[in-house]
Amino acid sequence: MFRSGFILCAGWLVAQAGAGLAAPLLVEDALGRTVRLEKPAQRIVPIFSSNTELVAALGLADRIVGVEAFTRDPPEVLGKPLIGGRLGFSVDAIVRQSPDLVVVTPARQAMHQILEPMSRLHIPVIVLQSRSVREVIGNVRLLGRATGTEARAEALAGSFEARLQRVQARHSPTVRPRVVLITGRLGNGMVLIARSDTYTGDALRLAGARPALEQTVVPQVSPEAVIAADPDVLLFAGTREHFAELLATPGWSLLRAVRAQRAYLVSRSEFLIPGPRTFDGIEKLSRLLAAAREH
Amino acid sequence: MGRSRLLLGAALLGSLGFAASAGHDWATPAAVFRSLAGDDSLQSQLLITWRYPRILAAALVGALLGLGGAIFQGVFRNPLAEPYLLGSSGGAAVGATIALLVPMGLPSQWLLAGLSFLGAWGATWLVLLVGGWRRGADAAHLLLAGVAIAAMLGAVRSFMMLALSDDTMNLQAVLSWTLGGIQTPGWWGVLLLGGLTALALAAVMTLAHGLDLLGLGDEQAHAFGLQPERFVRWAVLVASAVVAVAVAWGGLVAFVGLIAPHVARWRCGPRHRRLLPESAAIGAILVVLCDGLARSVLPPAEIPLGLITAVFGGPFFLFVLARRRRP
Amino acid sequence: MTQVCVNSLRVAVPGKTLLDDLNLEFSPGQLVGLIGPNGAGKTTLIKTLAGFRPAGTGAVTWNGRDIRQWTARERAAVCGYLPQHYVFAWDYNVRDLIELGAARVAANEHSIADAVRAHELEALVERRWSTLSGGERARCLLASVMVAAPALLLVDEPGASLDIRHRIDLLARLRATAAKATVIVVMHDLELAARYCDRLVLLANGRIAQDAPSAEVIAPGALDATFGVRFQRVAIRPGFDAMLGIPPS
């Protein structure tokens, strides 16, 4: 009896030693920082909807311990503790959840409020960027490494890539309609449009569109410029009421897209959140553009 | 004197012509003529539905700012007085913030114009109440009350922006309004603005004699038949209403209400019967030119109008300083 | 013609009574001088007569009607007020000022031209205020007040900042005006007051010390006591314009 007990203890000690000797994870994030995780992350705080959706898409919704107030998808995260929202992010609230990984995107002051404090508290922070759709897919793999779910991540990324290839195969590369995607309106009458050098612009391109407006220095453009560009298809990411209001202002009724009923509403969460739903958006849009081409 | 008026009229027409061509896409004079002749192309239609109402609105907004500024300078007897002295900018910003951030069922462009007008004019009423309503208005009291109210309104606006903005309507959307800029109205909007401007001009001309008398000093004005404190109260209300209309259509445009009356006084002297219309004309020219620049300097974006006028405001004051220094 | 009556006028500010129970009557045809030491209430009285200060208790009436019932417009049409100090916010020209004065009675071009001529301002009509000398400014202001032909003229220290020549000139004009209107002037210069005013009202500490034709007031009596100095009275000989006191050798 003592001998079996002794062997069990020895075995347990060896296993622990083996686990202890396992090398820590080293992950390189979008800013080139090398982030060191002692073990795959179990308590994750993803900041911003995009990061939350990516983590949840990997089946890790139960490992999420804190979200920010604007995140509404997926439904599993709705009851989670809030660590920030309209007025910024609370370091206290984050720390209270004892996370072992914080995922953040450089937007809305998140970096300034979080990087410094987290590094002093030795909580690893991964910074993700989504400058292109390819980078979004890369983020899936990155998160897989950080959470020890490489296999699932590879499968998910692979599925996204496959969907993109199917979309590409469907439309002919020569006929690409000129498209403007309006993402918002400013208080002074300017409109915000999707720029070609962002993942939104990239998504439009992958869906088979061509930008009607050339590269802009600032994201806000005069409505006159959009109207003068006269795109084949006009897209609006927002509510139907806001779209109708925009189209009622002077000049918009001149657009051929408006006159030929080729002005469509697209989902903000599909085009403005760089996460898994972006691919739904690309597929839907490519079907829409194909149908528009028929007319 | 007639020649000077002719020159001013020509300058106004010239600036309108410049502005009709200016934009992210410069339209040649030929294109402008074609559009007026009934051409059907997209460019011509765009000029007619978008650019012409825009430049007319710019001229009218500039005229209103010139009138308001001239009255404020007359009331405060100071060539450095400007139309936002009594809190109208703070009030307008609060109104605009509410219109932009609080979801209401009404169409947004009328809401924005309406609430910024109410905010601008309402702030002045508040200043008049605080600065002394019963006995009439003393200019110094009004200024102090104006500073206090403006500060409080600024705090209210900042708080509202923080509390009400969300991911669809962020701070930038609201801040962009405060930098000033004319939102292209439809032709009905231009007509309404034109009517209001004509009304404003008529109302303002009735103040001309009183403003002349105010310049003689309170006692002498009294001796010449004016009741200074009652007149100041009325003049401030009229001027603020005029400025509030300008703000409703053009946002917070800095310096025009200060420079236009200043330049007009150089040209035609201090009598307000001539000063007021000249100030309106010069204000119109300034805003039309600056708006044209705003639309054409960084295509396809627009630089906020308030920034352009501020860029010219600074050198203007250096110029005034240089003039004063000359013996 | 304006009959100005002051009945039991009392004007006080917290801590001090400026005018105490004054009773006065003024009629056209005489140039009345208000004299007295500093703080006697001369400026307070003239401003109250003009309607600038609230009357306190008692009443000031013009032609029998209390001035508080007159609107500022009505008062301006009948009364002209020349202040001691004036600073204008804008650089009006002479013509502007006369036009502003003429607007009190909606006078026409004719009256304006007459006023310009009467005050010898033809050469100065287009000149701006900042370019005028003291004497020219006084004439210009007088013209703007007189162009409305006021029946009541109130002047605070005529020619206070002018040289003796211009002061004499101004007083001569006021005397000419007094023939048809009621003219009341506040004077510090006793010598000129004695020479040009028909009647003097001597004020001291807010009360009337003496109200009589100038010859009586100038005679030895209340004057020395009120001012606290001893005056030597000398008759100015014809052919001379002004008095110059020479120190004893």
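**Exercise 1. Domains of chain A**

Determine how far apart the C-alpha centres of domain 1 and domain 2 of chain A lie, and describe the side of domain 1 that touches domain 2.

*Solution.*
1. In this predicted model, 29 Å separates the C-alpha centres of domain 1 of chain A and domain 2 of chain A.
2. Domain 1 of chain A covers residues 24-160, and domain 2 covers residues 174-294.
3. The contact between these domains involves 13 residues of domain 1 of chain A and 13 residues of domain 2 of chain A.
4. On the domain 1 side, α2 (49-57) and α5 (133-147) of chain A are the elements that give two or more residues.
5. Of the elements on that side, α2(A) gives the most, with five residues.
6. By class, the domain 1 side divides into five nonpolar, four polar and four charged residues.

**Exercise 2. A residue ahead of α2(A)**

State the sign of phi at F48(A) and locate this residue in chain A.

*Solution.*
1. The phi angle of F48(A) is near 85°, which is a positive value in a residue other than glycine.
2. For comparison, most residues other than glycine have a negative phi.
3. F48(A) belongs to the loop between β3 (44-46) and α2 of chain A.

**Exercise 3. An open sheet in chain A**

Establish the strand order of the open sheet formed by β4, β5 and β6 of chain A, and identify the strands at its edges.

*Solution.*
1. The three strands follow the order β4-β5-β6 (chain A), with mixed pairing.
2. β4 (67-68) and β6 (88-89) of chain A each have a single partner strand, so they stand at the edges and one side of each is left without a neighbour in the sheet.
3. Between β4(A) and β5 (residues 82-85) of chain A, the pairing is parallel and runs over two bridges.
4. The bridge partner of E68(A) in β5(A) is G84(A).

**Exercise 4. Contacts between chains**

Decide which of the two pairs of chains that touch has the most contacts, and describe the chain B side of each contact.

*Solution.*
1. The pair with the most contacts is that of chains A and B.
2. That contact takes 36 residues from chain B and 26 residues from chain A.
3. On the side of chain B that touches chain A, two or more residues come from each of α3, α4 (88-101), α5 (108-132) and α7 (171-178) of chain B.
4. α3(B) gives the most to this side, with seven residues.
5. The classes on this side of chain B are 17 nonpolar, 13 polar and six charged residues.
6. Turning to chain C, 17 residues from chain B and 19 residues from chain C enter the contact.
7. Here α9 (208-214) and α10 (218-223) of chain B each supply at least two residues of the chain B side.
8. α10(B) gives the most to the side that touches chain C, with four residues.
9. This side of chain B has six nonpolar, seven polar and four charged residues.
10. Chain A and chain C do not touch, and their nearest C-alpha atoms are 38 Å apart.

**Exercise 5. Helices α1 and α3 of chain B**

Classify the crossing of α1(B) and α3(B), and list the residues through which these helices meet.

*Solution.*
1. The axes of α1 (residues 2-21) and α3 (residues 42-75) of chain B come within 9 Å and cross at roughly 140°.
2. Because of this angle, α1(B) is oblique to α3(B).
3. The crossing of α1(B) and α3(B) is right-handed.
4. From α1(B), L16(B), A19(B) and A20(B) meet R51(B), Y52(B), I55(B), A58(B) and A59(B) of α3(B).
5. These contact residues comprise seven nonpolar, no polar and one charged.

**Exercise 6. Helices α5 and α6 of chain C**

Classify the packing of α5(C) and α6(C), and give the residues that make the contact.

*Solution.*
1. α5 (residues 134-146) and α6 (residues 164-178) of chain C have axes 10 Å apart and pack at an angle of about 15°.
2. Because angles under 35 degrees count as roughly parallel, α5(C) is roughly parallel to α6(C).
3. The crossing of α5(C) and α6(C) is right-handed.
4. α5(C) contributes G135(C), A138(C), L142(C) and M146(C), while α6(C) contributes H166(C), L170(C), R173(C) and T177(C).
5. Four nonpolar, three polar and one charged residues make up this contact.

**Exercise 7. A cis peptide bond in chain B**

Describe the peptide bond that joins P299(B) and P300(B), and place P300(B) in the chain.

*Solution.*
1. The bond between P299(B) and P300(B) is cis, with omega about -10°.
2. P300(B) is in the loop between α13 (272-296) and α14 (305-325) of chain B.

Definitions and conventions. Residues numbered from 1 in each chain as written. Chains lettered and ligands numbered in written order. Predicted model: local features only at pLDDT ≥ 70, side-chain atom pairs only at ≥ 80, totals over all residues. Axes fitted to C-alpha atoms, helices over the stretch in contact; angles between N-to-C directions. Parallel < 35°, antiparallel > 145°, perpendicular 65-115°, else oblique. Left-handed = near helix turned anticlockwise from the far one by under 90°. Contact = placed C-beta atoms within 7 Å. Nonpolar A, V, L, I, M, F, W, Y, C, P; charged D, E, K, R; others polar. Domains from an automatic or database assignment. Pairing = 2+ DSSP bridges.
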